[in-house]
Amino acid sequence: MPPITKELTVGQVAERAGVAVSALHFYERQGLIHSRRTSGNQRRYRRDTLRRVSFIRISQRVGMPLARIRQALEELPDNRTPTRTDWARVSEQWRDELDARIAQLIRLRDDLTGCIGCGCLSLDTCTLSNPDDELAAAGPGPRRLMVQSLADDVDTL
């Protein structure tokens with residue numbers, strides 16, 4: 001096994017993180033990760049980039065937009081490897097938003113077979129829980145399943 005180095009090539013990061021090289025280039029263009037260039041113009045990444053890429057992938061998987069991911073990563077130190085405390089601070093900022101997403105997924109799982117307030121009125125339960133499509137006054141879409149995200153709240157301020 002080769003010795004552990006402080007810096008990794010783009011191929012090494014891609015292999016270890018389980019992403020395509022093009023994804024790393026995209027993340028870098030978006031300002032989510034950073035590299036330095038060698039004298040031969042090759043990218044070199046610090047080892048903590050692996051954690052950042054993992055954080056990005058998991059964050060995307062739970063539906064966090066890239067803008068929120070970038071905002072969180074910008075609060076981490078660039079001149080040193082982030083500590084456990086740094087990562088705890090980032091995760092705490094998202095707790096309420098993730099809890100809201102979890103609640104929405106639970107509602108989706110539990111209520112999808114019943115009236116969701118979409119206005120189709122095709123199920124027997126619709127006429128009882130949404131007579132004459134009263135939920136249309138609350139806005140478009142499946143009103144019983146939709147939850148306004150914290151990001152939406154910020155955008156409307």
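Tutor: Before we start, a bit of vocabulary: buried means under 20% relative accessible area, exposed means over 50%, and partly exposed is what falls in between. Keep in mind that this is a predicted model.

Student: Fine. Is Glu7 buried, partly exposed or exposed?
Tutor: Its relative accessibility is 27%. The buried class stops under 20% and the exposed class begins over 50%. So 27% makes Glu7 partly exposed.

Student: Which residue does Glu7 meet in a salt bridge?
Tutor: The side chains get to 2.7 Å, N to O, and a salt bridge needs the nitrogen and oxygen within 4 Å. Glu7 sits in strand E1 (residues 7-9) and its partner in strand E2 (residues 36-37), so the pair ties together parts 29 residues apart in sequence. The partner has a relative accessible area of 41%, which makes it partly exposed. The residue is Arg36.

Student: UniProt has a domain here. What residues does the entry list for "domain: HTH merR-type"?
Tutor: The entry is an unreviewed one, so that's the record speaking. Over the listed stretch the chain is 57% helix and 13% strand, with the end C-alpha atoms 22 Å apart. UniProt lists residues 7-75.

Student: How many residues are in the largest nonpolar core?
Tutor: Those with the most contacts inside it are Leu24, Tyr27, Val53, Phe55, Ile69 and Leu73. The elements giving two or more residues to this core are H1 (10-17), H2 (21-29), H3 (49-61), H4 (66-74) and H5 (84-111), all helices. The core's residue count is 24.

Student: Let's look at H2. Which elements are included in what covers its buried residues?
Tutor: The buried residues of H2 are Ala23, Leu24, Tyr27 and Glu28. They span an arc of only 140° around the axis, which puts them on the same side of H2. The face turned away from that side carries the exposed Ser22 and Arg29. What covers the buried residues includes H1, strand E3 (43-46) and H3.

Student: And just after H2, what is the phi of Gly31?
Tutor: Most residues other than glycine have a negative phi. Gly31, though, is a glycine, and its phi is positive, at about 80°.

Student: Back to Phe55. Is its ring pair with Trp87 stacked, tilted or edge-to-face?
Tutor: The count of aromatic pairs comes to three. For Phe55 and Trp87 the centres are 5.1 Å apart and the planes make 55°; stacked needs under 30 degrees and edge-to-face over 60. Phe55 is in helix H3 and Trp87 in helix H5, 32 residues apart. The pair is tilted.

Student: How about the rings of Phe55 and Trp94: stacked or edge-to-face?
Tutor: Their centres lie 5.3 Å apart and the planes meet at 25°, so we're under the 30-degree cut-off. Trp94 is in helix H5 and Phe55 in helix H3, so the pair ties together parts 39 residues apart in sequence. Both Phe55 and Trp94 are buried. That pair is stacked.

Student: Which residues form one aromatic cluster?
Tutor: Phe55 touches Trp87 and Trp94, among others including Ile69 and Val90. Phe55 and Trp87 are both buried. The cluster is Phe55, Trp87 and Trp94.

Student: Now the charges. How many salt bridges does the structure hold?
Tutor: One of them joins Arg68 and Glu97, with the closest N and O atoms 2.7 Å apart. Arg68 is in helix H4 and Glu97 in helix H5, 29 residues apart. Glu97 is buried, at 2% relative accessible area. The number of salt bridges is eight.

Student: How far apart are the closest N and O atoms of Asp86 and Arg89?
Tutor: These two are three residues apart in helix H5, so about one helical turn separates them. Asp86 is buried at 4% relative accessibility, whereas Arg89 is partly exposed at 38%. The salt bridge has its closest N and O atoms at a distance of 3.3 Å.

Student: Is Asp132 buried or exposed?
Tutor: Asp132 is in the loop between helix H6 (126-129) and helix H7 (150-155). Its phi is near 55°, a positive value in a residue other than glycine. At 76% relative accessibility, Asp132 is exposed.

Technical notes: Residues are numbered from 1 along each chain as its sequence is written. This is a predicted model: local features need pLDDT of at least 70, side-chain atom pairs count only at pLDDT 80 or more; totals for chains, interfaces and linings use all residues. Side-chain values use heavy atoms; hydrogens and water are left out. A nonpolar core is a set of buried Ala, Val, Leu, Ile, Met, Phe, Trp, Tyr and Cys residues joined through side-chain atoms within 4.5 Å. Buried means under 20% relative accessible area, exposed over 50%, partly exposed in between (1.4 Å probe, protein chains only). Helices (H or I, at least four residues) and strands (E, at least two) are DSSP runs, numbered from the N terminus. Contact means heavy atoms within 4.5 Å. Rings of Phe, Tyr and Trp (its six-membered ring) pair if their centres lie within 6.5 Å; planes under 30 degrees apart count as stacked, over 60 as edge-to-face and the rest as tilted. UniProt positions are given in the numbering used here, feature names are shortened, and annotations may be inferred rather than shown by experiment. The arc is that of the directions from the helix axis to the C-beta atoms. Lists of a residue's contacts leave out its neighbours within four places in sequence.
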